[in-house]
Amino acid sequence: MALLQLSVMSLKYIKIKAGEQGLKNILERLPEEDKIVLNMKILPTEWYPFRTYVNILTLIDRQFGNGDLSVCREVGEWSAERDLKAVYNIYSKEIFKDPSILRTAPSIMWKGYYDKGDLVFPEIPNTLDVTEATAKVIDFPDAAKPNCTLLEGWIGKVMEIIIGGGHKARVREVKCRANGADYCEFYGVRVKRGDDSAYISHRRF
Ligand SMILES: [Zn+2]
């Protein structure tokens, strides 16, 4: 089973939405084995089992959503935005306004969240005229719909921020390990074209 740092983001999301007491109330509803994990005086940098993380996401969906996991997508967007403004802010700088960064940045960020697997964009053209992209989660042992839905939001926001200029993307999972596929695959399509000027100044030709 994989271990995840991303759980820490999910807990922060609950705390911002519901406050300290709200967080405690929600975590009270976790299964006993997850409570034991959380009560081990976990530091912000520690990693959680995949099962505990998925249970936290399920509680977030019940508390703040309507059972369709759309709030998990929101947690993914929120996490990507937060991390690209702080820890990984180098990728949101203008000099990096290039879709080819999608080859490297999401993979590096993945390794900060998950102790196994990788997130890859197999084909990224070297032009802003890219209107669609496919991302795959490979070599990852676990899959659960709350995490996959979170990744839809996370990948979409990463595409938007890295490409920059106000472009908007919509990402949906098209193959899932949870449904018996060999890996989870996500298809992203640009739904709004933004301002290309920041990007054009860095073009080579
Ligand atoms: Zn999946």
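Biologist: I would like to learn to read the sheet first. In what order do its four strands lie, and how do they pair?

Modeller: To read a sheet, follow the strands from one edge to the other. Here four strands form an open sheet in the order 3-4-6-5, with antiparallel pairing. Keep in mind as we go that this is a predicted model.

Biologist: Which strands stand at the edges of the sheet?

Modeller: Look for strands with a single partner. Strand 3 (118-120) and strand 5 (168-175) each have a single partner strand, so one side of each is left without a neighbour in the sheet. Neighbouring strands of this sheet are turned against each other by 25 degrees on average, direction ignored.

Biologist: How many bridges join each pair of strands?

Modeller: Let us walk across the sheet. Strand 3 and strand 4 pair in the antiparallel sense over three bridges. Strand 4 and strand 6 are also antiparallel, and their pairing runs over six bridges. Seven bridges then join strand 5 to strand 6, again antiparallel.

Biologist: Which residues could I click on to find those pairings?

Modeller: Start with Val 120, which stands opposite Lys 136 in strand 4. Next, find Thr 134, which stands opposite Tyr 187 in strand 6. Tyr 187 is also the bridge partner of Arg 172.

Biologist: Let me stay with Val 120 for a moment. Is Val 120 buried or exposed?

Modeller: To judge burial, count the C-beta atoms around a residue; 20 or more within 10 Å make it buried. Val 120, which is found in strand 3, has 20 other C-beta atoms within 10 Å, and therefore counts as buried.

Biologist: Which residues is Val 120 in contact with, leaving aside its neighbours within four places in sequence?

Modeller: Those contacts are Ser 107, Ala 135, Lys 136 and Ile 138. You can also compare sequence with space: Val 120 and Arg 103 are 17 residues apart in sequence, and their C-alpha atoms are 6.7 Å apart.

Biologist: What about helices and this sheet? Which helix packs on the sheet, and which strands does that helix touch?

Modeller: That is helix 6 (145-163). Helix 6 touches strand 4, strand 5 and strand 6 (184-192), and its direction makes about 145 degrees with that of strand 5.

Biologist: Now two helices together. At what angle do helix 3 and helix 6 pack?

Modeller: For a pair of helices, read the angle and the distance between the axes. Helix 3 and helix 6 pack at about 75 degrees, with their axes 8 Å apart. Angles of 65 to 115 degrees count as roughly perpendicular, and helix 3 and helix 6 are therefore roughly perpendicular to each other. On the helix 3 side the contact is made by Val 54, Leu 57, Thr 58 and Asp 61, and on the helix 6 side by Pro 146, Asn 147 and Leu 150. These residues divide into four nonpolar, two polar and one charged.

Biologist: How do helix 3 and helix 4 cross?

Modeller: The axes of helix 3 (residues 50-64) and helix 4 (residues 70-85) come within 8 Å and cross at roughly 115 degrees. That makes helix 3 roughly perpendicular to helix 4. The crossing is right-handed. Leu 57, Ile 60, Asp 61 and Phe 64 of helix 3 meet Val 71, Cys 72 and Val 75 of helix 4. This contact divides into six nonpolar residues, no polar ones and one charged.

Biologist: I have also heard about phi. Why would a positive value catch the eye?

Modeller: Because most residues other than glycine have a negative phi. In this model, Leu 69 has a phi near 70 degrees. Leu 69 lies in the loop between helix 3 and helix 4, and is buried, with 21 other C-beta atoms within 10 Å. Asp 139 also has a positive phi, about 55 degrees. Asp 139 is found in the loop between strand 4 (132-138) and helix 6, and counts as exposed, with 10 C-beta neighbours inside 10 Å.

Biologist: To finish, how many helices and strands does the chain have?

Modeller: The chain has seven helices and six strands, which run β-α-α-β-α-α-α-β-β-α-β-β-α from the N terminus on. Buried residues make up 37% of its 205 residues. Among contacts between residues at least 6 apart in sequence, 63% join residues at least 24 apart.

Terms used. Residues are numbered from 1 along each chain as its sequence is written. This is a predicted model: local features need pLDDT of at least 70, side-chain atom pairs count only at pLDDT 80 or more; totals for chains, interfaces and linings use all residues. Axes are lines fitted to C-alpha atoms, for helices over the stretch in contact, and angles run from 0 to 180 degrees between N-to-C directions. Angles under 35 degrees count as roughly parallel, over 145 as roughly antiparallel, 65 to 115 as roughly perpendicular and the rest as oblique. A crossing is left-handed if the near helix is turned anticlockwise from the far one by less than a right angle, and right-handed if clockwise. Two residues are in contact if their C-beta atoms, placed from the backbone, lie within 7 Å. Ala, Val, Leu, Ile, Met, Phe, Trp, Tyr, Cys and Pro count as nonpolar, Asp, Glu, Lys and Arg as charged, and the others, Gly among them, as polar. A residue is buried if 20 or more other C-beta atoms lie within 10 Å of its own, exposed if 12 or fewer, and partly exposed in between; C-beta atoms are placed from the backbone. Two strands pair if DSSP finds at least two bridges between them.
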